[in-house]
Amino acid sequence: MTRGFAPRLVIFAKAPQPGAVKTRLIPALGTEGAAALARRMLTHILQEALAAQVGPVELCMSPSPADPAWRNVAMPRAIARTIQGEGDLGARMAGAVRRVTLGHRQPVLLMGADCPGLTAARIGEAACQLQSHDAVLLPVADGGYVLIGLKAPCPELFTAMRWSTPTVAAETLQRMAALGLRVWLGPQLHDIDEPADLAHLPAGFCSVPVGQVGAA
């Protein structure tokens, strides 16, 4: 990593409360099981983001960090906590990118919390590629993406996007091309949203106790 380049790793996540997260998995896992998996995946991405050691890690939370929904969710002290804010997903993501790139004057790697395949090595590769590209993107099999990296605010990438559809990644790449951005496209991963996606969980993934991110 080039000295002075370190990106800020911003993880978007909802509080893993039963009935409020991973609702499409409830038919397969039940309400408590779906929430437990969400908590386990949150633990995973926090651990991997810290292990990547490429820059400061921030959890951008919904609801706010002070909400009781987060009371029993343990996380390292090293992780900054912020609120996602108002608006649709695109507005909240655009706001986070603007805040980091202009306010912190850092590149940003913005990622979700529902992809066990997003490891420290993949995060590190994305950070390295962002040094020589304007943007990086890690797509997922359902047509979306689990990580986007940028060096400057690009609100055009988030406005009027049809989120949760199979065209999100393709549309994002088209918009990046229209902006003249040099883009690194990473390997396709799998996020866990539907019962069929459970086949992509790594062996033993759910045998690790949830909510047990070690204190730092």
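**How the pieces pack, and why the labels fit**

User: How do helix α1 and helix α3 meet in this model?

Analyst: The axes of α1 (residues 26–52) and α3 (residues 120–132) come within 8 Å and cross at roughly 50°. An axis here is a line fitted to C-alpha atoms, over the stretch in contact for a helix, and angles run from 0 to 180 degrees between N-to-C directions. Helices are DSSP runs of H or I with at least four residues, strands are E runs of at least two, and both are numbered from the N terminus. Heads-up: this is a predicted model, so local features need pLDDT of at least 70 and side-chain atom pairs need 80 or more, while totals for chains, interfaces and linings use all residues. Residues are numbered from 1 along each chain as its sequence is written, and side-chain values use heavy atoms, leaving out hydrogens and water.

User: Why is α1 called oblique to α3?

Analyst: Check the angle against the ranges: under 35 degrees is roughly parallel, over 145 roughly antiparallel, 65 to 115 roughly perpendicular, and the rest oblique. Roughly 50° falls in "the rest", so α1 is oblique to α3.

User: What handedness does the crossing of α1 and α3 have?

Analyst: Right-handed. That word applies if the near helix is turned clockwise from the far one by less than a right angle, and anticlockwise would make it left-handed.

User: Which residues of α1 and α3 meet, and how do they sort by class?

Analyst: Ile 45, Glu 48, Ala 49, Ala 51 and Ala 52 of α1 meet Ala 120, Ile 123 and Gly 124 of α3, where contact means heavy atoms within 4.5 Å. By class, that gives six nonpolar residues, one polar and one charged. The classes work like this: Ala, Val, Leu, Ile, Met, Phe, Trp, Tyr, Cys and Pro are nonpolar, Asp, Glu, Lys and Arg are charged, and the others, Gly among them, are polar. So Glu 48 is charged and Gly 124 is polar.

User: What makes β3 and β7 edge strands?

Analyst: Start with the open sheet, which has seven strands in the order β3-β2-β1-β4-β6-β5-β7 and mixed pairing. Two strands pair if DSSP finds at least two bridges between them. Both β3 (80–83) and β7 (183–185) pair on one side only, and that makes them the edges. Neighbouring strands in this sheet are turned by 20° against each other on average, direction ignored.

User: How do you know that β1 pairs with β4 and with β2?

Analyst: Count bridges: β1 (residues 8–14) has four to β4 (residues 108–111), running parallel, and six to β2, also running parallel. Either number satisfies the pairing rule. Looking at β4, Leu 9 stands opposite Leu 109 and Arg 8 opposite Val 108. On the β2 side, Ile 11 faces Leu 59.

User: Which strands do α2 and α3 lie on?

Analyst: Helix α2 (residues 89–104) lies across β1, β2 (57–62), β3, β4 and β6 (145–150), at about 155° to β1. That angle is over 145, so α2 is roughly antiparallel to β1. Helix α3 touches β1, β4, β5 (135–139), β6 and β7, and makes about 140° with β4, so that pair counts as oblique.

User: Why is Leu 59 called buried?

Analyst: Buried means under 20% relative accessible area, exposed means over 50%, and partly exposed is in between (1.4 Å probe, protein chains only). Leu 59 is at 0%, so it counts as buried. This residue of β2 touches Ile 11, Leu 42 and Trp 70, among others.

User: What makes β1 largely enclosed?

Analyst: Six of its seven residues are buried.

User: Which elements cover the buried residues of α3?

Analyst: The cover includes β1, α1, β4, β5, β6 and β7. Among the buried residues are Ala 120, Ile 123 and Leu 130.

User: Are Lys 22 and Gln 53 buried or exposed?

Analyst: Lys 22, in the loop between β1 and α1, has 17%, so it is buried. Gln 53, in the loop between α1 and β2, has 72%, so it is exposed. Phi is positive for each: near 50° for Lys 22 and near 55° for Gln 53.

User: Where is the cis peptide bond?

Analyst: It joins Ser 62 and Pro 63, with omega about 0°. Pro 63 is in the loop between β2 and β3.

Key
Lists of a residue's contacts leave out its neighbours within four places in sequence.
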